[in-house]
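Me: I would like a close look at a single part of this model, taken slowly and with the reasoning kept in view. Please choose one element and describe what surrounds it.

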Amino acid sequence: MSQSTKERIAAAAVSVIRDRGVTNATTKEIAREAGVSEGSLYNHFENKTALFGAAFGLVASGIRAAMQDLFAAVGQATVEANLTRFASAAIRFYGELLPMMGSVLADPEVLGWLQHSGRAEGLSQGQAALVRYLEAEQLAGRLAPDAQPPFLAAVLLGACQHRAFASLLIGTAHQERPPGLDVDIDAYTQGIVRTLLTAQIP
């Protein structure tokens, strides 16, 4: 299915924000990237803030889909397989989000907009969703009774963020990656999840 003009503009905004940061991303550049006139942006978005909100929403769409798949997987396959699949999606999400967030965190005004618009809360829903999944598996008897879902979720997502950040920092051309980061994403998440679940599966 081809992208609608609105989707193409949002994708262009993601690209420009990633390259130039939120504060330096102009509607002129976004329009050029999308292949539309600058004025036509406002046929699809009320203002620049709404456009930026759509850009962050587009980045979050992948992790939202992964959350839905995770909830649907309660009691299905294995906890290890379900978490490994979710963690791989989380790494890809953080890999897209982190370059966009650098300028946001350095700019109190833009950060305030993100927080008050509710976008920051939406981008951080992954941990709450993961906790609910783990609690459901615990109730189903597929996770140890003394396991602590909030902390399991925090450790897993922390490892995902670390992988995404390290990959961005080191780059793809670096030949010598630290142990644990010298494998592909799927192998990394499988190793992290397997280690995390040791003694947590009854």
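Reply: In this predicted model, the part to follow is helix α8, in which Pro 149, Leu 152, Ala 153, Leu 156, Leu 157, Ala 159, Cys 160, Arg 163, Ala 164 and Ala 166 are buried. An α-helix has 3.6 residues a turn, so residues three or four places apart point the same way. The cover over the buried residues of α8 includes α4, α7 and α9, the last of these running over residues 185–197.

As for its geometry, α8 has 22 residues, which at 1.5 Å a residue should span 32 Å, and its end C-alpha atoms lie 31 Å apart, in agreement with that expectation. The helix covers residues 149–170, and after it comes Gly 171, whose phi is positive, near 85°.

α8 also takes part in the surface, since three residues, the largest share of a nonpolar patch, come from this helix. The patch, of about 390 Å², is made by Leu 98, Phe 165, Leu 168 and Leu 169. Leu 98 belongs to helix α4, residues 79–105, and counts as partly exposed because its relative accessibility is 30%, where the partly exposed class lies between 20% and 50%.

Turning to α7, which is among the covering elements, this helix comprises residues 125–139 and contains Glu 137. Glu 137 has a relative accessible area of 0% and is therefore buried; apart from neighbours within four places in sequence, Glu 137 is in contact with Ala 73, Val 74, Gly 75, Val 79, Asn 82, Arg 142 and Leu 143.

Note on methods:
Residues are numbered from 1 along each chain as its sequence is written. This is a predicted model: local features need pLDDT of at least 70, side-chain atom pairs count only at pLDDT 80 or more; totals for chains, interfaces and linings use all residues. Side-chain values use heavy atoms; hydrogens and water are left out. Patches are made of residues with over 30% relative accessible area and no salt bridge: like charges are joined within 9 Å, nonpolar side chains (Val, Leu, Ile, Met, Phe, Trp, Tyr) within 5 Å. Accessible areas come from the Shrake-Rupley method with a 1.4 Å probe; for residues, only the protein chains shown count as cover. A salt bridge is a side-chain nitrogen of Lys or Arg within 4 Å of a carboxyl oxygen of Asp or Glu. Helices (H or I, at least four residues) and strands (E, at least two) are DSSP runs, numbered from the N terminus. Buried means under 20% relative accessible area, exposed over 50%, partly exposed in between (1.4 Å probe, protein chains only). Contact means heavy atoms within 4.5 Å. The expected span of a helix is 1.5 Å times one less than its number of residues.
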